[in-house]
Amino acid sequence: MAVYTDISRAQLEALLEDYALGRLVSFEGIEGGIENSNFFVTLDLDGHEQQYVLTLFEELAFDEMPFFVELGQWLHTRQVPVPYAIKDRNGIALKQVCAKPAFFQPRFQGHHVSREQLTTAHCTEIGTALAQLHLAGEEFYLRRQAQRGVFWWRRESQAIRHLLKPEDAELLQQEVALFDQLREKPFGLPLGTIHGDLFHDNALFRDGHLEAILDIYNAATAFLLFDLAIVANDWCTNAQGQADPVREQALLKAYASVRPFTDEEVAAWPTLVRTAAMRFWLSRLIPWLGVEQASRSGISTKLKDPDEFRRTLLARIETPASI
C-alpha cells in the first residue's frame, strides 16, 4: 500500500483554503507505490466534480523538493505528460502536511499495463515520450546528483560484499569497474535530466496511447542513455531476463526518431544496459539482505526480488546489446 501518513478531513479542508480548486467532496488513500502517501481528492467547483492527487513525501526532505516541483512544472509547460505541483492562489505549490512536504497534482485517468501485456506499440510510445522528456529537459536550470548513482553503488557494493556469495560479490565489483572504465574514456556521453525510474508501472496508457509518465522523484542529472537502458531492461525483457529484440528495437527506433544517438552512445550501449541492471540488482539486494529498513511507520512494504535483475545482468553479459 502507499498510505504511511493519514490525514483528516479537517486537515485537508484547511489546506484547500489556500486554493481556488473547489469544495471537498471526498478523499481516499491510493494503494500501490512504495515511497509516498497518496490520496485521491474529489472537489466540487461550481457544480462540476474534479479529481486531484495529494502526495505527502515520506523520504524527501523539504530542501530536496524544489528540484522536483520546478521540474514537473517545466516539463508540463513543454507538453511532456507528467504530474506537476499545482500552485495556490499565491503561486505557491509546495506545502506542508503532517510535517511532511506535500502538493496537489492533476489526476490522470489512464491505466497501468502489466509486464506480460507490453507490446512493441507500448515500447514505441515510451521511447518517443522519453526522448521528448530528455529534449525538454535540456535547458532545465537545476541540477541534481542521483541519490543512487555511481558513488552510491561503489560504496554499497563494498558494504554488502561480505553478505553475498563470492561469485555475486565478484559480479557486482566487475560491473562497477566496467562503468568506471566507461567514464574514463576520452569521449563524452550526453548528459541531462533523466527520469531515473521509468518502469512500466510508472506509465499510464489510455485507449492504447501513453497518457502520463509518473513518479519523477528519482530524476537527476546523468547520462541520457542510462535512462533509456533502465527502460529497456524492464519494458523489453522476459521473466528470465532475456531481451526481446523486437520490442527493444521498437523502443530504440522510436527514441532515435526524436533524439538521434551519437556514435559514442552507440558504443556505450552494451555497457550501460549492464550498469542499469547492476544498479537495480544492488538496490533490491540491500533491503533483501536486511541492511536497509524496509518499512515505514510500522507498515511493512513488499520486497522486490533482486534475482530478477541479476538474471537480466547475466543475460546482457551473455548476449551483448546493440543499437
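1. Contact here means heavy atoms within 4.5 Å. With that in hand, start at Leu163. The model is predicted. Leu163 sits in the loop between helix H4 (150–159) and helix H5 (166–183). Setting aside neighbours within four places in sequence, Leu163 is in contact with Leu289 and Val291. Leu163 and Leu289 are 126 residues apart in sequence, yet their C-alpha atoms are 7.6 Å apart in space. Leu163 has a relative accessible area of 40%, so it is partly exposed.

2. Next, Arg115. This residue belongs to the loop between strand E5 (100–106) and helix H3 (120–136). Its relative accessible area is 19%. Buried means under 20%, so Arg115 counts as buried. Beyond four places in sequence, Arg115 touches His200, Asn233, Asp234, Thr237, Asn238 and Glu308. Two side-chain polar contacts deserve a look. One joins Arg115 and Thr237 at 2.5 Å. Another joins Arg115 and Glu308 at 2.3 Å. For scale, the C-alpha atoms of Arg115 and Leu210 are 15 Å apart, with their positions 95 residues apart in sequence.

3. Look at the pair from the other side. Glu308 is found in helix H9, which covers residues 307–318. Is Glu308 buried or exposed? Its relative accessibility is 19%, so Glu308 counts as buried. Apart from residues up to four places away, Glu308 touches Arg115 and Arg284. The polar contact listed for its side chain goes to Arg115.

4. Thr55 is a polar residue in strand E3 (residues 48–56). Its relative accessible area is 2%, so Thr55 is buried. Which side chains make polar contacts with the side chain of Thr55? Asn38 does, at 2.7 Å. Gln105 does too, at 2.8 Å. The residues that Thr55 touches, beyond four places in sequence, are Asn36, Ser37, Asn38, Pro101, Ala102, Phe103 and Gln105. Both polar partners, Asn38 and Gln105, appear in that list.

5. Ile230 lies in helix H6 (residues 224–235). Its relative accessible area is 2%, so this residue is buried. Outside its neighbours within four places, Ile230 is in contact with Gly196, Leu198, Phe199, Ala276 and Phe280. The C-alpha atoms of Ile230 and Arg274 are separated by 9.5 Å, and the two residues are 44 apart along the chain.

6. Helix H3 passes a length check. It has 17 residues, and at 1.5 Å a residue it should span 24 Å; its end C-alpha atoms are 24 Å apart, so the two agree. Its N-terminal end is capped by Thr119, where a side-chain oxygen lies 3.2 Å from the backbone nitrogen of Ala121.

7. Which residues of H3 are buried? They are His122, Cys123, Ile126, Gly127, Ala129, Leu130, Ala131, Leu133, His134 and Ala136. An α-helix has 3.6 residues a turn, so residues three or four places apart point the same way. The cover over the buried residues of H3 includes helix H2 (65–77), strand E6 (191–194), strand E7 (203–206), strand E8 (209–213), H6 and H7.

8. Helix H7 passes the check too. Its 14 residues should span 20 Å at 1.5 Å a residue, and its end C-alpha atoms are 20 Å apart, which agrees. Asp244 caps the N-terminal end of H7, with a side-chain oxygen 2.9 Å from the backbone nitrogen of Val246. The buried residues of H7 are Arg247, Glu248, Ala250, Leu251, Leu252, Ala254 and Tyr255. What covers them includes H3, H6, helix H8 (263–288) and H9. H3 and H7 therefore appear in each other's cover, given contact within 4.5 Å.

9. Last, the second largest pocket. Its volume is about 190 Å³. Helix H7 (245–258) and helix H9 (307–318) each supply at least two residues of its lining. The lining is Gln242, Ala243, Pro245, Glu248, Gln249, Ala315, Arg316, Glu318, Thr319, Pro320, Ala321 and Ser322. How many of these are nonpolar, polar and charged? The division is 5 nonpolar, 4 polar and 3 charged. Glu248 is one of the lining residues, and Glu248 is also among the buried residues of H7.

Key:
Residues numbered from 1 in each chain as written. Predicted model: local features only at pLDDT ≥ 70, side-chain atom pairs only at ≥ 80, totals over all residues. Heavy atoms only, no water. 1 Å grid on protein atoms, 1.4 Å probe; cavity = no way out; pocket = protein on both sides within 12 Å on 5 of 7 lines; lining within 4 Å. Points joined across faces, edges and corners; volume = space filled by probe spheres on them. Helix = DSSP H or I, 4+ residues; strand = E, 2+ residues; numbered from the N terminus. Buried < 20%, exposed > 50% of the residue type's maximum accessible area, 1.4 Å probe, protein only. Polar contact = N/O pair within 3.5 Å; in protein donor to acceptor, adjacent residues only side chain to side chain. Expected span 1.5 Å × (residues − 1).
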